Structures are given as structure tokens and as C-alpha cells.
Amino acid sequence: ARGALRRFQTIVIGSRAYEIMPALVESNGRLLEYVRRGGQLLVQYQQQAYFGGQLAPYPLTVARQHDRVTDETAPVRLLQPDDPIFASPNRIEAADWDGWVQERGLYFPHTWSDAWQPLLETHDQGGPPLRGALLRARYGEGTYWYTGLAFFRQLAAGVPGALRLFLNLMETGRAPTHP
């Protein structure tokens, strides 16, 4: 609530944190200011309280029956394969999606404003393509991420590809300064 946030390159908000931590909701304005001034915020999957509370810098909605991909082997397509997020410090390749457990992700945003850039597409077999698994928005001088990818399961299970992508988000996830 009072600490200097600028000392952090990246702040990660855990899954469902906005739902269970009222102090986080109360401090959301400080977090947005941190991003606006050049920080990077990585928000992992949240539920209705986050979306209904309009806590992101730009509009996002989640469907009542939230978009999710339950097949942990579902295909994943990089929408911007040359984006730096998929290149450094780890090159993200097809094998990085192997070995995921239980699901690809949940609480993917269903709609979003043009300020958000979707970077992945995935879907369960026979389901519609979903592009809300990893969204990036430039906000002021910083970068705001929303991800519905089930990092909380994958990191706990030691899935190498999930760890590689998560490290990329932590290290090089800032939005490019060029268009």
C-alpha cells in the first residue's frame, strides 16, 4: 500500500488475487500508476470480481461461462511468432506446449478493446478459436499483461515450456516502443 513500486521491473498478481485480497483492489490505482510510469504488471487469471470491477486499464469482459481450454494438449498458435516475447531470453517453440497438466487455461477474456493485443490462439477440439489466453496492452510508458494460461498449475508441476514462457514475460515482456 505504501512501498515504492518503481524498484520492481515486473509485478506479478497471482491467480484470483483480486477476489481474495481487498487491499489489492484498493491499491489497484497505484498499480496502474506504476505501469503508466514504465512498470510492467502481469495479472494471472482472475474471476468475475476483476472483470466486473473494471480493474484493468482498458475494457475486458469475460463470458458468463468463461472461455477456457481444458485439453492440456490443445494446439497453441503464436499470433505474432516474431514478437520479442517469444524470442528472449527463451525461444518459444512447439515443444514448449508439451507436458502441460490438466488444462491450458481458464478465464480467458471473451472481448477486449483495441488497446489489447492477443498473442496466442488455442481451443479445445471442436471448440471455437480463443485468443484471450495472453493479452498485452501498452499503458503510458509501461506494459500491462493479462493471462488466463494456467501457469499456477504448470509452474507447480515443473513444466519446462511454461517456465520458459513465464520467464520471458518477467524479463522481456515490455511492449516494444515501436508500432
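Colleague: Which residues form a nonpolar patch on the surface?
Modeller: This is a predicted model. In it, the patch has about 230 Å² of accessible area in total. The residues that make it up are L155, L163 and L167.

Colleague: Is L167 buried, partly exposed or exposed?
Modeller: L167 is found in helix α6, residues 160-172. Buried means under 20% relative accessible area and exposed means over 50%. L167 has a relative accessible area of 38%, so it is partly exposed.

Colleague: Which element gives the most residues to the largest nonpolar core?
Modeller: The largest nonpolar core has 27 residues, and I13, Y18, Y50, Y144 and Y146 have the most contacts inside it. Elements that give two or more residues to this core include β1 (10-13), α3 (28-36) and β11 (142-147). With 4 residues, the element that gives the most is α3.

Colleague: Which residues does Y50 touch, leaving out those up to four places away in sequence?
Modeller: Y50 is one of the residues with the most contacts inside the largest nonpolar core. Its partners beyond four places in sequence are Y18, V43, L55, A56, L60, Y144 and Y146.

Colleague: How many residues does the other core have?
Modeller: This core lies apart from the largest one, and F86, I92, F108 and L169 are among its members. Its residue count is 23.

Colleague: How far apart are the closest N and O atoms of R136 and D83?
Modeller: R136 lies in strand β10 and D83 in the loop between β5 (76-78) and β6, so the pair links distant parts of the chain, 53 residues apart. Both residues are buried. They form a salt bridge, and the closest N and O atoms are apart by 2.6 Å.

Colleague: By about how many helical turns are R36 and E33 separated?
Modeller: The side chains of R36 and E33 meet in a salt bridge, at 2.5 Å from N to O. R36 counts as partly exposed at 37% relative accessibility, and E33 counts as partly exposed at 27%. Because R36 and E33 are 3 residues apart in helix α3, their separation is about one helical turn.

Colleague: Which residue is linked with E33 and R36 in a network of salt bridges?
Modeller: The structure holds 9 salt bridges. E33 and R36 meet in one of them. The residue linked with these two in a network is R37.

Colleague: With which residue does E19 form a salt bridge?
Modeller: E19 is partly exposed, with a relative accessible area of 38%. Its partner is partly exposed too, at 32%. The closest N and O atoms are 3.1 Å apart, and the partner is R16.

Note on methods:
Residues numbered from 1 in each chain as written. Predicted model: local features only at pLDDT ≥ 70, side-chain atom pairs only at ≥ 80, totals over all residues. Heavy atoms only, no water. Core = buried A, V, L, I, M, F, W, Y, C linked by side-chain atoms within 4.5 Å. Buried < 20%, exposed > 50% of the residue type's maximum accessible area, 1.4 Å probe, protein only. Contact = heavy atoms within 4.5 Å. Patch = residues over 30% accessible without salt bridge, like charges linked within 9 Å, V, L, I, M, F, W, Y side chains within 5 Å. Areas by Shrake-Rupley, 256 points an atom, 1.4 Å probe, with all protein chains shown as cover. Salt bridge = Lys/Arg side-chain N within 4 Å of Asp/Glu carboxyl O.
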